[in-house]
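Please open the model in your viewer and keep the sequence panel beside it. The tour below goes from one selection to the next and says what is to be found at each stop.

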Amino acid sequence: MLRLWLDYDDLARIRITPGLSPIAQTVLSAQALRATGPEPVPGAWRARTRAKLTGPSRLLLDLVPPGRWLPDFLTPYTQVPGLDSELDTVASTPVRRIRAELERSHGARPPASWLPRLVSGDGEAMRALVRGLRDFHRVALADVWPELSAHLRAEAAGHARTMAGSGIGGLLESMHPAVRWTPPVLEIETLRDGDVRLQGRGLAIMPSPFVVGPRVLIGGDSPATVVLPTSRTFSGTSDADLPRVFGRTRAAVLRSVADGELTTGALAARLGVSAASASQHATALRGAGLITSERRGKTVHHALTPLGERFLRRSSG
């Protein structure tokens with residue numbers, strides 16, 4: 001059990017981020033790729049990514065075995081998230097910190113033969129790791145980044161609505177069944193344990209489709225980041241992978257959703273089909289990454305994704 005102690009300044013510095021840290025999502029996706037238990041991401045994404053892995057991108061897999069917490073230097077916090085700035089931060093990590101975090105994560109015996117060189121401060125080993133991070137991002141996430149970004153923004157917006165309606169306490173109490181808020185302590189059932197006093201550093205809340213339970217990223221004087229599983233399924237579909245799912249009705253469903261967010265009932269009424277049929281068509285389009293679906297109380301709301309917008313533009317052109 002990890003206990004985060006939040007004082008007044010920490011509560012005033014709670015941020016809900018769409019999770020657009022490329023390196024954090026890259027590292028989490030690499031660990032998800034190695035997972036053998038419940039799969040947080042679709043099998044199609046896993047198969048496609050595995051098929052495209054190169055020598056450099058496989059290096060990252062040595063550092064992120066399932067069932068272990070991630071060395072925090074791999075998921076740096078930067079004021080302006082971006083691939084290049086985050087890779088620069090990883091590359092500048094002090095050797096002492098790398099050694100301490102790898103030992104805490106993996107024990108005294110590194111899981112791969114090249115890691116002792118990284119721990120000793122070998123510059124070429126660090127450059128190889130940076131190349132591996134960049135290449136894994138290219139292989140696993142670059143072609144689905146627009147859809148992933150939309151997915152994460154929708155998740156963050158849901159948490160923001162909770163905070164707007166129920167306050168900070170309501171947000172912290174409802175984040176996940178494995179998270180408990182007993183002021184001033186946020187208890188999280190995760191791979192870590194112990195007590196961390198944030199002392200004004202603040203707290204960031206970041207969704208990710210690559211975790212099945214909450215994770216906590218902590219580094220130096222930066223805000224702690226609580227990573228939460230997304231409530232919607234991320235399709236992991238790129239333009240090149242779009243299945244042939246369109247008949248006349250599904251095309252009509254997509255055009256209807258393009259006019260504005262609709263519930264399943266409203267979609268069925270507009271198309272003159274049963275609610276069960278509308279739900280079935282929406283499920284197929286969601287699986288293709290063309291729409292998102294969010295449950296709000298007793299209704300499910302459907303909205304177009306950027307991939308769906310591009311598909312409609314291409315179809316109409």
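Leaving aside its neighbours within four places in sequence, with which residues is Leu148 in contact? Before selecting anything, keep in mind that this is a predicted model. Now select Leu148 and display what surrounds it: apart from neighbours within four places in sequence, Leu148 is in contact with Leu141, Pro209, Phe210 and Phe234. Leu148 belongs to helix 9, and it counts as buried because its relative accessibility is 0%, where buried means under 20%. For a sense of distance, add Ile218, which is 70 residues from Leu148 in sequence and 23 Å from it in space, C-alpha to C-alpha.

**Next, select Phe210 and Trp45**

Phe210, one of the contacts of Leu148, leads to the next stop. By the rule for ring pairs, the count comes to one aromatic pair. Its rings are those of Trp45 and Phe210, and because their planes stand at 40°, with the centres 5.4 Å apart, the pair is described as tilted. Trp45 is in helix 3, while Phe210 is in the loop between strand 6 (203-208) and strand 7 (215-217), so the pair ties together parts that are 165 residues apart in sequence. Are these two residues buried or exposed? Trp45 counts as buried, at 0% relative accessibility, and Phe210 is buried too, with a relative accessible area of 3%.

**Then colour the nonpolar core**

In soluble globular proteins, nonpolar side chains tend to be buried together. Here the largest nonpolar core has 45 residues, and Leu118, Leu129 and Phe210 are those with the most contacts inside it. At least two residues of this core come from each of helix 2 (22-34), helix 4 (55-63), helix 5 (83-91), helix 6 (95-106), helix 7 (115-119), helix 8 (123-140) and helix 9 (145-174). Helix 8 gives the largest share, eight residues. Another core lies apart from this one and has 20 residues, among them Leu2, Leu4, Ala224 and Leu228.

**Move on to Thr230**

Select Thr230, which is placed in the loop between strand 8 (224-229) and helix 10. Thr230 counts as buried because its relative accessibility is 15%. Apart from neighbours within four places in sequence, its contacts are His151, Leu152, Glu155, Pro207, Ser208 and Pro209. Pro209, which is also in contact with Leu148, is 21 residues from Thr230 along the chain, and the C-alpha atoms of Thr230 and Pro209 are separated by 5.2 Å.

From there, follow the chain to helix 10 (residues 248-258), in which Ala251, Ala252, Val253, Leu254, Ser256 and Val257 are buried. Just after helix 10, stop at Gly260, which takes a positive phi of about 150°.

**Look at the second largest cavity**

The structure holds two cavities of 30 Å³ or more, and the second largest has a volume of about 60 Å³. To find the second largest cavity, select its lining: Trp69, Leu70, Thr190, Leu191, Arg192, Arg215, Val216 and Leu217. What mix of residues makes up this lining? The residues divide into five nonpolar, one polar and two charged.

Leu217 leads on to Thr75, since Thr75 is in contact with Ala24, Val27 and Leu217 when neighbours within four places in sequence are left aside. Thr75 is found in the loop between helix 4 and helix 5, and at 9% relative accessibility it counts as buried.

**Finish with some loops**

Thr36 is in the loop between helix 2 and helix 3 (43-52), and because its relative accessibility is 77%, Thr36 counts as exposed. Select Gly287 as well: Thr36 and Gly287 are 251 residues apart in sequence and 22 Å apart in space, C-alpha to C-alpha.

In the loop between strand 3 (179-182) and strand 4 (185-188), select Pro184 and look at the peptide bond from Pro183 to Pro184, which is cis, with omega near 5°.

The last selection is Gln199, in the loop between strand 5 (194-197) and strand 6. Gln199 has a positive phi of about 50° although it is not a glycine, and with a relative accessible area of 65% it is exposed.

Definitions and conventions: Residues are numbered from 1 along each chain as its sequence is written. This is a predicted model: local features need pLDDT of at least 70, side-chain atom pairs count only at pLDDT 80 or more; totals for chains, interfaces and linings use all residues. Side-chain values use heavy atoms; hydrogens and water are left out. On a 1 Å grid over the protein atoms alone, a cavity is a set of points where a 1.4 Å probe fits but cannot get out, and a pocket is an open set with protein on both sides within 12 Å along at least five of seven lines; lining residues have an atom within 4 Å of a point. Grid points are joined across faces, edges and corners, and a volume is the space filled by probe spheres set on the points. Ala, Val, Leu, Ile, Met, Phe, Trp, Tyr, Cys and Pro count as nonpolar, Asp, Glu, Lys and Arg as charged, and the others, Gly among them, as polar. A nonpolar core is a set of buried Ala, Val, Leu, Ile, Met, Phe, Trp, Tyr and Cys residues joined through side-chain atoms within 4.5 Å. Buried means under 20% relative accessible area, exposed over 50%, partly exposed in between (1.4 Å probe, protein chains only). Helices (H or I, at least four residues) and strands (E, at least two) are DSSP runs, numbered from the N terminus. Contact means heavy atoms within 4.5 Å. Rings of Phe, Tyr and Trp (its six-membered ring) pair if their centres lie within 6.5 Å; planes under 30 degrees apart count as stacked, over 60 as edge-to-face and the rest as tilted.
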